[in-house]
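Subject: Structure handover

Hello,

Here is the structure we spoke about, with the sequence alongside. My notes on what was found follow below.

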Amino acid sequence: MILGIDTSLGTSVAVVESDGVVRAEASSDNPLGHAEAIGTLLVDALAGAARGPIGQTGALEEVALTHVAAGMGPGPFTGLRVGIAAARAFALGRGLPVVAVPSHDAAALGIVLSDALTDPFADPPRFAVVTDARRREFAYSVYDGIDDDGIPVRVAGPALTPRDAIDDVLAGLGAERRDVTVISASMVAALAGRAVAAGRELTGPEPLYLRAPDVTLPAAPKRVGA
């Protein structure tokens, strides 16, 4: 089983079996307060997972986690730091490997799966995951279906664009716009499971900030000669 954590928009925690069955998910849509929410959500998700898959109420059983999946953004600096730090700390405490997952890729997997349920025979269109990056900007990533490993094929992004330019940018890329307001930790964990099964790395260990943080270290004081 995989524990998924994402704080790129709201705060979401989920436990998913290796075959993609969701055991539990707990989330907060608040784009702030990640640090205050993450501990409670972790407790709730792990407690829910012990009861079996969502919708079942079997006898309590051990939640045998094998990996921790961390949503790496794009997203605001502070929010991402909270989720990634929580994922790494939990993994360190349990002796588990961390799987880094681009948050937009997880959202794209959710879109592809939802579309397949609506019309399983339709060819998936090229589409863009679009999220609020604040500062009058959107973050976007463009996808062209999924590959043989069941992983969304990202063909552009993640990147930033002014809000009033997003439609022109996506038109130039031939992508249908899909606005996303919540990143599901269950999709983060499910995508991590597919990557682990395929022996693939989806992204590196560095968060996908896309812009510099608001707070930076002060410059070193000037040295004054004697």
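By class, the residues lining the second largest pocket of this predicted model are nine nonpolar, three charged and one polar. That makes up a lining of 13 residues. Those nearest the pocket's centre are Val-112, Asp-115, Ala-116, Ala-122 and Pro-124. Helix 3, which covers residues 103–118, gives the largest share of the lining, with five residues. The space in this second largest pocket comes to about 210 Å³.

The other item is a sheet. Four strands make up this open sheet, ordered 8-7-6-9, and their pairing is mixed. Strand 8 (152–162) and strand 9 (176–179) are the edge strands, each pairing on one side only. On average, neighbouring strands in the sheet are turned by 25° against each other, with direction ignored.

Strand 6 (residues 127–134) and strand 7 (residues 137–146) run antiparallel and are joined by seven bridges. If you want to find this pairing in the viewer, take Ala-128: its bridge partner in strand 7 is Val-142.

A helix also lies against this sheet. Helix 4 (residues 166–173) packs on it and touches strand 6, strand 7, strand 8 and strand 9. The direction of helix 4 makes about 20° with that of strand 7.

Please keep in mind when using any of this that the model is predicted.

Regards

Conventions: Residues numbered from 1 in each chain as written. Predicted model: local features only at pLDDT ≥ 70, side-chain atom pairs only at ≥ 80, totals over all residues. Heavy atoms only, no water. 1 Å grid on protein atoms, 1.4 Å probe; cavity = no way out; pocket = protein on both sides within 12 Å on 5 of 7 lines; lining within 4 Å. Points joined across faces, edges and corners; volume = space filled by probe spheres on them. Helix = DSSP H or I, 4+ residues; strand = E, 2+ residues; numbered from the N terminus. Nonpolar A, V, L, I, M, F, W, Y, C, P; charged D, E, K, R; others polar. Pairing = 2+ DSSP bridges. Axes fitted to C-alpha atoms, helices over the stretch in contact; angles between N-to-C directions. Contact = heavy atoms within 4.5 Å.
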